[in-house]
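This report looks at one helix and its surroundings, and then at charged side-chain pairs.

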Amino acid sequence: MATIQPGRFTAEFDDEVVVFLIGMRFNKPWKVRQWWPVFVAMPKMLRELQQHPELGLLHVQGGLLSGQPLQVCYFRSIDHLTRFAKDPELAHLEPWRAFNRKIAASGDVGIWHETYRVAPDRAESVYANMPRWGLGAATTTVPAGRKGNSAARRLGLSPTDEPAVAPY
């Protein structure tokens, strides 16, 4: 079980981080032969990324969103993410091509992704009595008060902390 950090923490990082959300949707769940190759491709890709830190993956966590698979990935840079996606020697390109050749036109399974470039001065987070999580697991965490006790302060939108709601 993950170690809980008691208290309030926030993510701290100096360089841009890329947040990559990727998921799939079972449009026709009974058509297992269509969605199964898509479903099993992702764990192989994630294993490769985790086994090779030089590929730029900082952290990944996943689960279900509205009953559909979702992975939240944090990359060191957009260049790292793009290289992984396009390199024919790595685990992504061939499954992507296979999806487009064999499955995409059927509409039986949907896939999606969103990519965000996050600058340190454009992000804020708070983790209360949590293990290192999300952006905080991809980077590092510091006590929230060090950067400000309010979201506005941590984002640099307010020169001082507003009165907090029941801080602890």
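## The buried side of H1

In helix H1, the buried residues (under 20% relative accessible area with a 1.4 Å probe, protein chains only; exposed is over 50%, partly exposed in between) are Gln34, Trp35, Val38, Ala41, Met42, Met45, Leu46, Glu48 and Leu49. They cover an arc of only 160° around the axis, as judged from the directions from the helix axis to the C-beta atoms, which puts them on the same side of H1. On the other side of H1, Arg33 and Gln51 are exposed.

The elements that cover these buried residues include strands S2 (17-26), S3 (57-65), S4 (68-75) and S5 (109-118), together with helices H2 (78-86) and H3 (93-102).

## Basis of the model

The model is predicted, with local features needing pLDDT of at least 70 and side-chain atom pairs pLDDT 80 or more, whereas totals for chains, interfaces and linings use all residues. Residues are numbered from 1 along each chain as its sequence is written, and side-chain values use heavy atoms, without hydrogens and water.

## Salt bridges

The structure holds six salt bridges, each defined as a side-chain nitrogen of Lys or Arg within 4 Å of a carboxyl oxygen of Asp or Glu. One of them joins Asp108 and Lys28 at 3.3 Å, N to O; Asp108 lies in the loop between H3 and S5 and Lys28 in the loop between S2 and H1, so the pair ties together parts that are 80 residues apart in sequence. Asp108 is buried at 3% relative accessible area, while Lys28, at 28%, is partly exposed.

Arg146 pairs with Glu12, their closest N and O atoms being 3.1 Å apart.

Terms used. Helices (H or I, at least four residues) and strands (E, at least two) are DSSP runs, numbered from the N terminus. Contact means heavy atoms within 4.5 Å.
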